[in-house]
Amino acid sequence: NEQTSSSKKEAIEVYAEVTPNPAVMKFGTNKSLTQTDVEFKNIEEASKSSPLAQAIFNFPFVKEVFISDNYISVTKYDMVEWNEVFTEVRTFIREYLVSGKTIIKELPQQSSESKEEKVTPQVKLEGIPAQIVDILDEYIKPAVAGDGGNIAFRSYDEQNKVVSVILQGACSGCPSSTATLKNGIETLLKDMLPNQINEVVAING
């Protein structure tokens with residue numbers, strides 16, 4: 001039995017990746033971390049629901065933590081450069097995962113309610129909104145996830161033909177990504193849904 005647990009230990013990899021946002025470093029892992037993306041703006045939020053995020057906040061330079069299925073994006077304050085600290089964070093995350101400690105004990109209650117207002121309620125989408133969601137899921141999300149971010153459909157205003165999307169994770173604070181995403185999504189949706197889309201508005205999650 002000793003052997004199986006040690007060979008399991010070997011199996012967890014954590015690698016650091018830069019993102020377009022210099023404040024955000026993405027720590028990818030080959031272990032599934034969560035079914036639902038969670039974002040923590042401070043240690044108080046983390047302490048309620050994620051021992052792992054809470055532990056990461058113990059690094060004094062950590063500003064925000066975003067945990068997705070197979071990566072953790074960490075936003076830092078400007079007091080340090082990533083090249084000075086990322087090894088430490090990566091080692092810490094890997095050891096945490098190897099030791100099998102709890103990653104998320106419960107999903108943040110309060111934010112799930114406030115997110116409900118922001119994210120489309122679970123009504124079955126039909127027509128244009130359903131098509132928009134399909135296009136986002138298929139084309140945009142994989143591209144954004146590569147940069148440690150996430151995008152969620154928020155609403156479609158039929159009268160003005162305006163689509164609102166929410167940017168989360170590494171995308172949320174990064175001005176260049178907002179513009180790129182907005183233009184990329186807008187172009188794609190206009191191409192795929194001719195005459196249905198005038199504009200795409202990005203809201204920071």
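This report describes the fold of one protein chain, taken from a predicted model, and moves from the chain as a whole to its sheet, two of its helices and a few single residues.

## The chain as a whole

The secondary structure of the protein chain comes to seven helices and eight strands. Of the 205 residues in the chain, 42% are buried. Among contacts in the chain with a separation of 6 or more, 61% are made by residues that stand 24 or more positions apart.

## A sheet of five strands

Five of the strands form an open sheet in the order β1-β2-β5-β4-β3, and the pairing is antiparallel. The edges are taken by β1 (14-18) and β3 (38-40), each of which has a single partner strand, so one side of each is left without a neighbour in the sheet. Direction ignored, neighbouring strands of this sheet are turned by 20° against each other on average.

The pairing can be followed strand by strand. Strand β2 (residues 24-29) runs antiparallel to β5 and is joined to it by five bridges, and within this pair M25 has V74 of β5 as its bridge partner. On the way to the β3 edge, strand β4 (residues 62-67) pairs with β5 in the antiparallel sense, again over five bridges, with V62 partnered by K76 of β5. A hairpin of three residues joins β4 to β5. Between β3 and β4, which also run antiparallel, there are three bridges, and F40 finds its bridge partner in V65 of β4.

## Strand β5 and its surroundings

How many of the six residues of strand β5 (residues 71-76) are buried? Six of the six are, so the strand is largely enclosed by the rest of the structure. The side chains divide between two directions: Y71, S73 and T75 point one way from β5, whereas I72, V74 and K76 point the other way, and all of them are buried. Two of these residues have already appeared as bridge partners, V74 for M25 and K76 for V62.

## Helix α4 against the sheet

Helix α4 (residues 82-98) packs on the sheet, where it touches β1, β2 and β5, and its direction makes about 30° with that of β2. At 1.5 Å a residue, the 17 residues of α4 should span 24 Å, and the distance of 23 Å between its end C-alpha atoms agrees with this.

The buried residues of α4 are W82, V85, V89, I93, Y96 and L97. Seen down the axis of α4, these buried residues fall within an arc of 105°, so they line one face of the helix. A general rule helps to read this pattern: an α-helix has 3.6 residues a turn, so residues three or four places apart point the same way. What covers the buried residues of α4 includes β1, β2, α3 (51-57) and β5, while on the other side of the helix N83, E84 and E95 are exposed. After α4 comes G100, whose phi is positive, near 75°.

## Helix α6 and its kink

At 1.5 Å a residue, the 19 residues of helix α6 (residues 127-145) should span 27 Å, and its end C-alpha atoms lie 26 Å apart, which agrees. The helix nevertheless has a kink of about 40°, centred on D137. The buried residues of α6 are I128, P129, A130, I132, I135, L136, I140 and V144.

## Single residues in loops and in strand β7

Two residues have a positive phi although neither is a glycine: K161, at about 60°, and N195, at about 65°. K161 lies in the loop between β6 (149-157) and β7 (162-169), and because its relative accessibility is 28%, it counts as partly exposed. N195 lies in the loop between α7 (175-192) and β8 (199-204), and with a relative accessible area of 65% N195 is exposed.

S164, by contrast, has its place in strand β7. Is S164 buried or exposed? With a relative accessible area of 13%, S164 falls under the 20% cut-off for a buried residue. Leaving aside residues up to four places away in sequence, S164 touches A152, F153, R154, S155, V201 and I203.

Methods. Residues numbered from 1 in each chain as written. Predicted model: local features only at pLDDT ≥ 70, side-chain atom pairs only at ≥ 80, totals over all residues. Heavy atoms only, no water. Helix = DSSP H or I, 4+ residues; strand = E, 2+ residues; numbered from the N terminus. Expected span 1.5 Å × (residues − 1). Bend = angle between axes of the 7 residues up to and from the residue. Buried < 20%, exposed > 50% of the residue type's maximum accessible area, 1.4 Å probe, protein only. Pairing = 2+ DSSP bridges. Axes fitted to C-alpha atoms, helices over the stretch in contact; angles between N-to-C directions. Contact = heavy atoms within 4.5 Å. Arc of directions from axis to C-beta.
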